[in-house]
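Q: Please take a close look at the charged side-chain pairs here, and at how they sit within the fold around them. I would like a connected account that I can follow residue by residue.

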Amino acid sequence: MRKYFSLCFWFFALTLAGQQLIYREIELSEGLRINRMSQDSFGFIWMATNKGVVVYDGYDDQMVLRHTPHEIDFICHHKGLIYAGSHGGDIFILNAETRKAIDTLHSFTRFPISDIEFTASDSVIVSSYGDGVYMLLGDKVISKLSALSSVDIYDMVLKQNGELFLASDKGIDIFKSSSKGFVKKGIVENLPDYIIVKMCLNQNDDITAATYDKSVFKIEGPEMRIRTIYQNPKNEKIHNLVHHRENLFIHAGNRILDHHDGQSTVLNLSENQQRATSLFVDNENNLWLATGKSTVLKSNLYFMNFRLNLRHEVQAILYHNLTFFLGTEKGIYKNSAITASESEAILPAENITVLRLIGNYIWIGTFSNGLFLYEPTTRKVIKIGKLLGLDDNTILDMEKVAKNVVEISTLAGVKSMAIDARGLPTPGNKSIDDVLTAYVFDIYVDKQGNKWYGKDRNGIGLISTQGKFEIKSILNQGDGKKYKLGSVYSIAEGNDSSVYFASVDLGIVRYTSGKWYIVPNTFSIKNHISSLVRFGNNQMLVIRTSTTDIIDLGDNHVLPFANQGYKDNIIPFLNNYTHAGNDIYFCAGGDVVRFSPAHGVYKKHPVTLLEKIEVNLESVPRHTSAFSQQQNNLRFTFTAGWISNPVSIQYAYKLHGFDTEWRVTRDRVVSYPHLRPGNYTFVVKASENNYFSDEPIAKYTFRIHRAFYTTWWFFSLLALVTGLLFYWLQQKQKNMALLKSELARKMVETELINLKSQLDPHFLFNTLNTLIGLIEEDPQRGIRFTENLTDFFRSLSQMGNKELVTLTEELSLLTSYRNILKERFGQNLVVFIHEEVHQRAGDILIPPMTLQMIVENAVKHNEVSRQKPLQVDIAIKGEYLIVSNQKNLKISRKISLGIGNHNILERYRFLGQKMPRIEEHDNVYTFLLPIIANVK
């Protein structure tokens with residue numbers, strides 16, 4: 001028996017390797033070398049490349065500005081606009097939403113653009129390498145800065161107080177904003193070197209700067225004190241500096257260094273990725289590296305993996321007094337830092353399950369030998385051993401529940417132990433396993449002193465001032481229904497005395513003021529929760545099988561992050577995490593993962609961009625909002641900016657004026673054919689956690705005008721003119737009206753007869769071709785085919801000239817037709833009719849041969865073979881009879897006249913019924929037939 005569901009960890013012999021950068025490699029278009037990156041307000045990544053300007057939306061990269069005379073060196077985003085500076089001095093301005101170039105600034109310099117900054121009054125400051133610094137307003141040059149130490153400017157920083165710092169090969173110049181522009185204030189003294197290539201601002205508005213190959217230093221305070229933070233011992237060329245929250249990332253040589261809490265740690269890349277050309281951190285806390293080989297690497301900064309060279313499973317972790325204690329199957333390893341090169345072994349023969357700091361001692365729970373205590377100062381180990389009986393050697397959890405009481409969960413129940421002020425056990429221990437009949441995974445004491453016990457398959461145990469309780473089921477306030485809790489793996493406290501529970505059967509459950517609430521979108525069959533960890537003022541970390549989530553306890557919004565580096569669908573060890581300063585460390589997949597909440601959650605929802613609007617398959621500008629009655633086939637393309645995990649995105653869309661409810665899809669293209677005249681508004685939003693609440697909405701409002709000859713005033717005018725012309729034949733006009741009505745009815749009947757007459761040659765032509773082929777290949781099958789064909793025509797003749805038949809009759813006809821197709825395709829063709837269709841067939845009417853024609857078209861247009869079988873599904877969903885098939889289009893197809901689909905649509909129209917819809921996606925073709933009730 002084990003406390004924890006195992007996760008494949010590999011432990012080290014005696015040392016820890018460096019910090020491994022766990023990343024996702026993204027392939028871009030061939031031949032791209034990325035010089036710089038930026039991000040727009042939607043969250044998309046813009047790249048300055050050797051071939052132009054590229055934007056990446058999480059799915060694909062798109063070249064939005066190509067064939068520039070020179071490659072693009074610099075790119076930035078400002079108020080919805082993208083500014084791209086070229087090697088030849090041109091500045092291109094693009095609209096981030098439409099991705100169109102709107103202006104080009106050139107002729108003021110022919111030297112490479114090195115940086116662009118923006119003042120509070122929206123003036124543009126442009127630096128160049130070779131021609132100094134210009135100040136622009138709109139497309140006009142206002143001034144050129146004078147008194148520069150050098151015209152070769154590498155970088156600029158504009159501080160909040162209006163001071164402009166210029167880095168060059170002759171140090172750093174300081175300019176101050178004035179009514180006449182910028183005037184020189186002075187230089188930065190006492191620099192470690194005078195070739196300054198990079199600068200950036202930190203959270204305190206201080207400047208961090210880098211020399212060409214010597215060091216990285218800070219310029220602090222108004223006194224501009226110089227403090228070196230990285231010595232660059234190998235004299236590597238420093239390419240990039242990026243400040244992000246509390247971290248500084250240094251791109252030196254082919255290495256990336258993470259400067260965090262006063263220490264610089266190398267982020268190791270794989271050997272084939274040791275060449276980075278650009279470094280960038282986006283607003284979702286992703287670190288981006290451009291490799292110079294048409295690829296970028298993306299790594300999330302909330303979670304930094306420390307790749308360990310491991311041999312055994314890491315089952316427990318504790319941080320105390322600047323030291324990490326890692327419990328494994330073969331004892332405990334004590335490290336001064338997570339990347340320490342040397343380790344001290346403690347209890348090397350024991351299988352460690354739990355580590356807890358209680359008083360001055362580290363309490364150690366083992367798998368088979370009970371309890372041990374370790375005093376870090378003296379390095380003394382005290383063996384307590386077994387606690388209750390024969391089955392209590394395995395310790396599941398330990399918690400200090402009062403000033404002098406510790407409770408320990410074992411396989412034999414929960415043991416209550418008295419301790420002294422130092423954390424040592426004293427006589428008088430007692431068992432409370434008479435209340436807890438199941439294994440306890442987590443013991444938790446809330447602020448009110450209530451003791452909660454997360455149990456295996458039996459919910460929660462509670463000991464409070466009101467007594468002892470077992471809570472196996474809850475009444476959810478969200479829907480008023482009762483649910484079983486099942487196993488509860490982890491417990492944590494939220495705001496306002498709320499307590500959160502990780503239930504295997506329900507996800508996260510919240511208890512507050514005597515009421516229970518199931519937190520939406522936290523349950524998953526495969527993505528189990530192993531730990532709940534409260535951090536900050538209003539947030540909680542949720543460690544799971546496939547994701548690690550952040551929950552905002554104010555609105556219970558769940559922000560999921562795909563696990564990096566370790567395998568999915570393996571439950572990490574339960575409740576084994578530790579706090580180290582502001583960070584949280586936990587073990588997963590062979591790594592120690594550092595979660596840094598100091599980065600903060602600055603983006604909670606994807607922002608959706610409505611990329612393209614098409615009318616009758618032709619793109620139209622966003623400002624176009626009026627269409628004629630013939631322009632009634634619209635298609636919308638959209639993408640959400642959620643770079644962290646774009647494959648998790650779901651979209652909800654709705655066309656006001658047509659849809660009554662939101663539709664949810666993972667597709668990014670939706671179509672609305674044959675819209676009637678009227679006012680419409682298309683709205684779409686995206687969710688990163690499959691729960692749509694207050695996500696930003698993109699919308700487009702338009703109107704389809706009714707043709708003048710179908711308007712009421714046109715008919716009124718026509719009636720008036722007709723009345724004037726035929727005033728003297730007023731009595732005869734009544735007869736003419738009756739005649740017209742009768743004639744219209746006859747015309748409709750004639751149209752229906754003509755439409756149905758198309759069916760026989762359309763079907764007969766295809767069938768005879770098949771029969772000829774079978775007679776030549778297999779005469780016996782040809783005979784069977786002819787017999788089935790006879791049955792089919794017999795069923796067809798029984799329908800007579802009916803405009804509508806029952807679905808039962810239509811299914812009978814389809815069965816005959818399916819038998820015909822079986823002779824040709826055998827098991828490679830399946831027509832699957834859901835049971836509900838048969839049950840309701842007598843209550844539904846349908847134009848004859850509709851299903852047969854849809855199946856026939858599916859066979860006609862798609863490949864049907866053993867390698868690529870075809871399945872047609874017939875089901876009922878809501879108000880529609882749905883016929884769908886997977887698309888596997890023939891490589892060489894005959895030209896289709898569209899007679900079948902046109903016939904179906906026209907018959908519904910002439911019968912005055914709701915029009916069918918056709919939805920065509922990448923892999924599925926669906927025909928939605930409105931249900932016509934059989935009124936008996």
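A: What follows starts with the whole chain, goes on to the charged pairs, and ends with a helix pair and a few single residues.

The structure is a predicted model, in which local features need pLDDT of at least 70 and side-chain atom pairs count only at pLDDT 80 or more, while totals for chains, interfaces and linings use all residues. Residues are numbered from 1 along each chain as its sequence is written, and side-chain values use heavy atoms, with hydrogens and water left out.

As background, the protein holds 7 helices and 76 strands, where helices (H or I, at least four residues) and strands (E, at least two) are DSSP runs numbered from the N terminus. Of its 936 residues, 54% are buried; buried stands for under 20% relative accessible area, exposed for over 50%, and partly exposed for values in between, with a 1.4 Å probe and protein chains only. The protein exposes about 43,200 Å², and carbon and sulfur atoms supply 51% of that area, as computed by the Shrake-Rupley method with a 1.4 Å probe, where for residues only the protein chains shown count as cover. Taking contact to mean heavy atoms within 4.5 Å, residues 24 or more positions apart account for 53% of the contacts with a separation of 6 or more.

To come to the charged pairs, a salt bridge is a side-chain nitrogen of Lys or Arg within 4 Å of a carboxyl oxygen of Asp or Glu, and by this rule there are 29 of them. One of these joins Asp193 and Lys214, whose closest N and O atoms are 3.7 Å apart. Asp193 belongs to the loop between strand S18 (181-187) and strand S19 (196-201), and Lys214 to the loop between strand S20 (207-211) and strand S21 (216-220), so the pair ties together parts that are 21 residues apart in sequence. The two partners sit in different classes of accessibility, since Asp193 is buried at a relative accessible area of 16% and Lys214 is partly exposed at 40%.

A second pair brings the side chains of Lys455 and Glu470 together, at 2.5 Å from N to O. Here Lys455 comes from strand S44 (residues 451-455) and Glu470 from strand S46 (residues 467-471), which are distant parts of the chain linked by a pair 15 residues apart. In this pair Lys455 is the buried partner, with 0% relative accessibility, whereas Glu470 is partly exposed at 39%.

A third salt bridge, at 2.7 Å from N to O, is formed by the side chains of Glu919 and Arg917. Glu919 is partly exposed at 21% relative accessibility, and Arg917 is buried at 12%. Both residues belong to a network of salt bridges that also takes in Asp659 and Arg663. Thr926 in strand S75 (residues 924-930) is buried, with a relative accessible area of 10%. Leaving out residues up to four places away in sequence, Thr926 touches Arg917 and Glu919 themselves, along with Ile882, Val883, Ser884 and Ile918.

Another threonine with charged neighbours is Thr637, which lies in strand S63 (residues 634-641) and is buried at 15% relative accessibility. Beyond its neighbours within four places in sequence, Thr637 is in contact with residues including Glu611, Lys612, Glu614 and Arg668.

The helix pair offers a further setting. The axes of helix H3 (residues 779-798) and helix H4 (residues 807-825) come within 9 Å and cross at roughly 165 degrees, the axes being lines fitted to C-alpha atoms over the stretch in contact, with angles running from 0 to 180 degrees between N-to-C directions. That makes H3 roughly antiparallel to H4, a term for angles over 145 degrees, where under 35 counts as roughly parallel, 65 to 115 as roughly perpendicular and the rest as oblique. Among the residues that meet across this pair are Arg781, Arg784 and Asp791 in H3, and Glu823 and Arg824 in H4.

For contrast, Ile364 in strand S36 (residues 361-366) is buried at 1% relative accessibility, and its contacts outside four places in sequence include Ile332, Leu347, Phe372 and Met398. Gly262, in the loop between strand S25 (255-260) and strand S26 (263-268), is exposed at 61%.
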